[in-house]
Amino acid sequence: MSVLTNPSLLLLRNSEALTGKSILVVNFVQDGFLTELKELNPQSKVTAFSYNHANGEFAKNTKDVEIHVSHTIPGNDYDLVILYYPKSKPELLMALDNIRSAITDDAKLLVVGENKSGVKSIEKQLAGKAEFSNKIDSAKHCVLYSFAEITKHPHFDITTYHKKFVVNVADTEFTAISVPGVFNHGSLDAGTKILLENAPTIKQGKVLDFGCGAGLIATYLGLQNSALEFVCSDVSALATYATEQTLKLNGIKGIAILSDGLKNISGKFDLIVSNPPFHTGIATDYTVAETFLANAKLHLTKVGKLNIVANSFLKYPPILESQFADYQTVFKNNKFAVYSS
């Protein structure tokens, strides 16, 4: 049995609340909770939904639990929904609308989260949308809330959450589409801007936009050169969805793939370009970076290049040095550095 996180322990401590005919778990975490939940409800249908591909891969072998990773919750017959409170508030509000469109009239909603996650504002966020709300329990720096007599949302359509915004960078202007939960939702972040201002010129071939967010890097490079073909990858189904919208809007040739790191990426590229995600938690963690850079090398053609932007204070040079014979610092200021190898 895998170790349980504190929010899951708090839920299981209230096992009498965890019963339903058709149960939906949203934003589940990488622990043994789904197995325990199924054991409590052997006759029930249990569905687990996440926007995160890595979580989906972790859970995919859970016995008798249906796992879905997408941008929209499937089905509409859930009488119990268990929501792990997410980091992003726009994502939370969209997920709540989606949940309210997928439940039965008498459904119950349980919301659990760590105190520091912002979960304590859930009653305010559901004000006017649920007749009954109750703080059931708190322990291990977590809180569990229960909601009933929830006002249903008539029909969930993710296109109503599209945020269109104009990107203006290095003499190029285009419109992008983002949705809640996507990195730097609705604007061009400073790191990507510097990466694009120092983008490599590439005449033809295949480009991988790793950690694609809303597809800004691929779109910018594709507008510079229509001969390029793009593979865009991200661990978030909201990001791959947003990227598809942005590419389509700008007529860029490319596909978006869900992948945890480079695990689902095959083939070789003439350019791998990224503003890679490097913070997992509060401490700086280089394992993601090292794994990405070690594997990126295997996906480059003989003349292929890698271009990344990173916070200046991150110790990238030694990692690049160990993976690539030579690399250049293309740009550096007190905030960001762009490296090419």
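Here are some exercises with worked solutions on a predicted model.

**Exercise 1. Find out which residues UniProt lists for "domain: Methyltransferase small N-terminal", and describe that span.**

Start with the record: UniProt, in an unreviewed entry, gives residues 8-164 for this domain. Next, look at the two ends of residues 8-164, whose C-alpha atoms are 37 Å apart. Finally, check the make-up of the span, which is 24% helix and 36% strand.

**Exercise 2. Work out whether helix α8 has the length its residue count suggests.**

Step one: α8 covers residues 237-250, which makes 14 residues. Step two: at 1.5 Å a residue, the helix should span 20 Å. Step three: compare that with the model, where the end C-alpha atoms are 20 Å apart, so the two agree.

Now look at what sits at either end. Before the helix, Ser236 acts as a cap for the N-terminal end, with a side-chain oxygen 3.1 Å from the backbone nitrogen of Leu238. After the helix comes Gly251, and its phi is positive, near 65°.

**Exercise 3. Decide how covered α7 and α8 are, and say what α8 packs against.**

Take α7 (residues 216-224) to begin with. Seven of its nine residues are buried, so the rest of the structure largely encloses this helix. The buried ones are Leu216, Ile217, Ala218, Thr219, Tyr220, Leu221 and Gly222.

Then turn to α8, where 11 of the 14 residues are buried, making this helix mostly covered too. Among them are Ala237, Leu238, Tyr241, Gln245 and Asn250. What do the buried residues of α8 pack against? Their partners include two helices you can pick out in the structure, α4 (89-101) and α7. They also pack against the strands β3 (65-69), β9 (172-178), β11 (229-234) and β12 (254-258).

**Exercise 4. Asp234 carries a charge; find out whether it is buried or exposed, and which residues surround it.**

First, place the residue: Asp234 belongs to strand β11. Second, check its surroundings for solvent and charge. Asp234 is buried, yet no salt bridge is there for it. The nearest side chain of opposite charge is that of Lys87, 12 Å away.

Third, list the contacts, skipping neighbours within four places in sequence. Asp234 touches Gly211, Cys212 and Gly213, as well as Ile257, Leu258 and Ser259. Asp234 also meets Ala239 and Thr240, two of the buried residues of α8.

**Exercise 5. Explain why Leu37 counts as buried, and name its contacts.**

Leu37 lies in helix α2 (residues 33-40). Its relative accessible area is 0%, and the cut-off for buried is under 20%, so Leu37 counts as buried. Leaving out neighbours within four places in sequence, Leu37 is in contact with Leu18, Ile23, Val25, Val46 and Ile82.

**Exercise 6. Two residues other than glycine have a positive phi: locate Ala170 and Asn184 and say how exposed each is.**

Ala170 has a phi of about 45°. You'll find Ala170 in the loop between β8 (163-169) and β9. With a relative accessible area of 33%, Ala170 is partly exposed.

For Asn184, phi is near 50°. This residue sits in the loop between β9 and α6 (190-197). Asn184 is partly exposed as well, at 31% relative accessible area.

**Exercise 7. How many salt bridges does the structure hold, and how far apart in sequence are the partners in Lys152–Asp105 and Glu197–Lys193?**

The count is seven. Let's go through some of them.

Begin with Lys152 and Asp105, whose side chains meet at 3.6 Å, N to O. This pair connects distant parts of the chain: Lys152 is in the loop between β7 (142-150) and β8, Asp105 is in strand β5 (residues 103-114), and 47 residues separate them. Lys152 is partly exposed at 37%, whereas Asp105 is exposed at 63%.

Now take Glu197 and Lys193, with a distance of 2.7 Å, N to O. Both are in helix α6, four residues apart, about one turn of the helix. Why does that spacing suit a pair? An α-helix has 3.6 residues a turn, so residues three or four places apart point the same way. Glu197 is partly exposed at 39%, and so is Lys193 at 34%.

One further salt bridge joins Lys60 and Glu57, at 3.0 Å, N to O. Lys60 is partly exposed at 47%, and Glu57 is partly exposed at 34%.

Definitions and conventions
Residues are numbered from 1 along each chain as its sequence is written. This is a predicted model: local features need pLDDT of at least 70, side-chain atom pairs count only at pLDDT 80 or more; totals for chains, interfaces and linings use all residues. Side-chain values use heavy atoms; hydrogens and water are left out. UniProt positions are given in the numbering used here, feature names are shortened, and annotations may be inferred rather than shown by experiment. Buried means under 20% relative accessible area, exposed over 50%, partly exposed in between (1.4 Å probe, protein chains only). The expected span of a helix is 1.5 Å times one less than its number of residues. Contact means heavy atoms within 4.5 Å. A polar contact is a pair of N or O atoms within 3.5 Å; within protein, one must be able to donate a hydrogen and the other to accept it, and residues adjacent in sequence count only if both atoms are side-chain atoms. Lys and Arg count as positive and Asp and Glu as negative; His and the chain ends are not counted. A salt bridge is a side-chain nitrogen of Lys or Arg within 4 Å of a carboxyl oxygen of Asp or Glu.
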